[in-house]
Amino acid sequence: QVHLVESGGGLVQPGGSLRLSCAGSGSPLDYYAIGWFRQAPGKEREGVSCISSNDGSTYYADTVKGRFTISRDNVKNTVYLQMNSLKPEDTAVYYCAPKIGPPQYYCSGYGPRQDEYDYWGQGTQVTVSS
């Protein structure tokens, strides 16, 4: 089965940038759409972004649109989340997961829903503070 490991988090100042990595093993990630989620203190886990496997189409939550960019490298079996112009409200633990609900290869127009994704990792902490 597929296993995902998140990395690249850290402490940055407002306006700074980070690139998160989602490294796959056990199965090629190009079988799946891959979603990024985050959970801030005291809040529910929310979908942030998604990238499809069939056509590379993407989805972004309104809160990150224009600041975050999702991409994938099938040779390295890795999905990335480039985060620019970071704000304190972006502080959260970030997770990636493969889409297991049909269609597995496509990000639906409503974005990444938790009940359509599985195989959660331990996440990577992003803290934005001055």
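**Two sheets, two cores and an aromatic cluster**

Tyr 95 counts as buried, at 14% relative accessibility. The cut-off for buried is under 20%, so the value for Tyr 95 falls on the buried side. The model examined here is predicted.

Tyr 95 belongs to one aromatic cluster, together with Phe 37, Tyr 117 and Trp 120. The count of aromatic pairs comes to four. In one of them, Phe 37 meets Trp 120 edge-to-face. The ring centres are 4.8 Å apart, and the planes stand at 75°. This pair links distant parts of the chain. Phe 37 is in strand 4, whereas Trp 120 is in the loop between strand 9 and strand 10. The two residues are 83 apart in the chain. Phe 37 is buried, with 0% relative accessibility. Trp 120 is partly exposed, at 26%.

Tyr 95 also pairs with Trp 120. Their centres lie 6.5 Å apart and their planes are at 90°, so this pair is edge-to-face. Here too the partners come from distant parts of the chain: Tyr 95 sits in strand 9, and Trp 120 in the loop between strand 9 and strand 10. They are 25 residues apart.

Two arginines lie over aromatic rings. Arg 45 is placed over the face of Tyr 95, at 5.9 Å from the ring centre. The charged end of Arg 19 sits over the ring of Tyr 80, 4.4 Å from its centre.

The strands were then traced into sheets. Strands of a sheet pair through backbone hydrogen bonds, either parallel or antiparallel. One open sheet has six strands, in the order 2-10-9-4-5-6, with mixed pairing. Strand 2 (10-12) and strand 6 (58-60) stand at its edges. Each has a single partner strand, so one side of each is left without a neighbour in the sheet. The twist from one strand to the next averages 25°. Strand 5 (residues 46-51) and strand 6 run antiparallel and are joined by three bridges. Ile 51 has Thr 58, in strand 6, as its bridge partner.

Another open sheet has four strands, in the order 1-3-8-7, and its pairing is antiparallel. Its edges are strand 1 (3-7) and strand 7 (68-73); each has a single partner strand, so one side of each lacks a neighbour in the sheet. The twist averages 15° from one strand to the next. Six bridges pair strand 7 with strand 8 (residues 78-83) in the antiparallel sense. Within this pairing, Ile 70 stands opposite Leu 81 in strand 8.

The largest nonpolar core holds 27 residues. Ile 34, Trp 36, Phe 68, Val 79, Leu 81, Met 83 and Tyr 94 touch the most other members. Strands 3, 4, 5, 7, 8, 9 (92-98) and 10 (124-128) each give two or more residues to this core. Another core, of six residues, lies apart from it. Its members include Phe 37, Cys 50, Ala 97 and Cys 107.

Two loop residues complete the picture. Gly 26 is in the loop between strand 3 (18-25) and strand 4 (34-39). Gly 26 is exposed, with a relative accessible area of 67%. Gly 26 and Trp 36 are 10 residues apart in sequence and 19 Å apart in space, C-alpha to C-alpha. Asn 77 is in the loop between strand 7 and strand 8. Asn 77 is buried, with a relative accessible area of 16%. Leaving aside neighbours within four places in sequence, its contacts include Cys 22, Ser 25, Pro 28 and Leu 29.

Notes: Residues numbered from 1 in each chain as written. Predicted model: local features only at pLDDT ≥ 70, side-chain atom pairs only at ≥ 80, totals over all residues. Heavy atoms only, no water. Pairing = 2+ DSSP bridges. Axes fitted to C-alpha atoms, helices over the stretch in contact; angles between N-to-C directions. Buried < 20%, exposed > 50% of the residue type's maximum accessible area, 1.4 Å probe, protein only. Core = buried A, V, L, I, M, F, W, Y, C linked by side-chain atoms within 4.5 Å. Contact = heavy atoms within 4.5 Å. Phe/Tyr/Trp six-rings, centres within 6.5 Å; stacked < 30°, edge-to-face > 60°. Lys NZ or Arg CZ within 6 Å of the ring centre and 35° of its normal.
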